[in-house]
Amino acid sequence: MNANRLTQEVHFEGVGVHRGEKCLVSLAPGPAGSGCWMQRDGQRWRCLADSVVEVERCTVLGNGQTSVSTVEHLFAALSSVAVYDCEISVKGSEIPIMDGSALPFVQGLKPFLEPGPAIEPLRLSQPLWVGNEQSQVLALPSPVCRFHYALYYPKTPIGYQEASYEPLSDSFEQKLAPARTFALEREVEWLRAQGLARGGSLNNALVVLADGFSSPLRLEQEMARHKCLDLVGDLYLLGRPLLAQVFAVKAGHRWHVELARKMLRELAENAG
Ligand SMILES: [Zn+2]
């Protein structure tokens, strides 16, 4: 499959949603075939599922010495522009939340792309799935790539929602990128009481109220689309494009990352 490379360094700056600190992230082109790497405070690690150190509310990458939170929206944007060789330097503990979506990232990256070396996609030889009673993610071998997400939040304005995305034919910028981070009102109160979501505001999150939303929706089914965006971002941790059909029901970072780990294990076993 065709991949792209960055033509120059690209920077993003803003507050982190969890600690509310100012954060700066720089992306530089990496040598062909080197993969995506992240560095902070003199520590450096490969952006693969094995580097995930936490999955509560966001995906956190690290190496035991230091870590960077909320990588998923930037990774969804990198996945959509097919950039897999990249050096990411972070000042601060998080990737900036921007407007809660992946749109600022994809718009910031798009002007600085050129064709890169071809990359071998990950193909499955068998169905793989993860989950529990409430949440499931199932991946089926396929010659095409398709992500499908279903959400069910009974007795809330979200209700039942679905979103799907096919990277090779759909516009990421139109279908998923604008969909914002969301939280239920009661979750926001709890997070604030715990000293979390300090950088969260109505400018970077959609709050689900008892009878509606804190601001007009950007897209229909915006919450399911945002979860689909998170899934695309978490599966960037495969380090290469995916050829599979992925169906997620009420899942989240924990299960997305678990699936990525399972896929990488299968790949290693088949190679061995
Ligand atoms: Zn998200």
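Which residue in β3 is the bridge partner of Phe12? In this predicted model, that partner is Val25. Let's start from this pair and work outwards.

**Around strand β3**

Phe12 and Val25 meet where β2, residues 10–15, runs antiparallel to β3, with six bridges between the two strands. Six residues lie between β2 and β3 in their hairpin, and there Gly20 takes a positive phi near 75°. Strand β3 also pairs with β9, residues 86–91, again in the antiparallel sense and over six bridges. Here Leu24 of β3 has Lys91 in β9 as its bridge partner.

In a regular strand the side chains alternate between the two faces of the sheet. For β3, which covers residues 22–29, the covered face holds Cys23, Val25, Leu27 and Pro29. Its uncovered face holds Lys22, Leu24, Ser26 and Ala28. Val25, the partner of Phe12, is therefore on the covered face.

**A small open sheet**

Further along the chain, three strands form an open sheet in the order β6-β7-β8, with antiparallel pairing. The edges are β6 (52–54) and β8 (67–68); each has a single partner strand, so one side of each has no neighbour in the sheet. Strand β7, residues 60–62, is joined to β8 by two bridges, and Leu61 stands opposite Val68 in β8.

The strand pairs described so far can be set side by side:

| Strand pair | Sense | Bridges |
|---|---|---|
| β2 and β3 | antiparallel | six bridges |
| β3 and β9 | antiparallel | six bridges |
| β7 and β8 | antiparallel | two bridges |

**Helix α6**

Now for a helix. α6 runs over residues 253–271, 19 residues in total, and reaches 27 Å from its first C-alpha to its last, close to the 27 Å expected at 1.5 Å a residue. Its buried residues are His253, Trp255, His256, Val257, Glu258, Leu259, Ala260 and Met263. These buried residues pack against several elements, including the sheet-edge strand β6, helix α1 (72–80), strand β13 (136–141) and helix α5 (222–235).

**The protein as a whole**

Six helices and 18 strands make up the secondary structure of the protein. Its C-alpha trace spans about 50 × 40 × 35 Å along the principal axes. The radius of gyration is 18 Å, which agrees with the value near 19 Å for a compact globule of 272 residues. Of these 272 residues, 42% are buried. Among contacts between residues at least 6 apart in sequence, 74% join residues at least 24 apart.

Technical notes. Residues numbered from 1 in each chain as written. Predicted model: local features only at pLDDT ≥ 70, side-chain atom pairs only at ≥ 80, totals over all residues. Pairing = 2+ DSSP bridges. Helix = DSSP H or I, 4+ residues; strand = E, 2+ residues; numbered from the N terminus. Buried ≥ 20, exposed ≤ 12 C-beta atoms within 10 Å, placed from the backbone. Expected span 1.5 Å × (residues − 1). Contact = placed C-beta atoms within 7 Å. Rg over C-alpha atoms; globule rule 2.2 N^0.38 Å.
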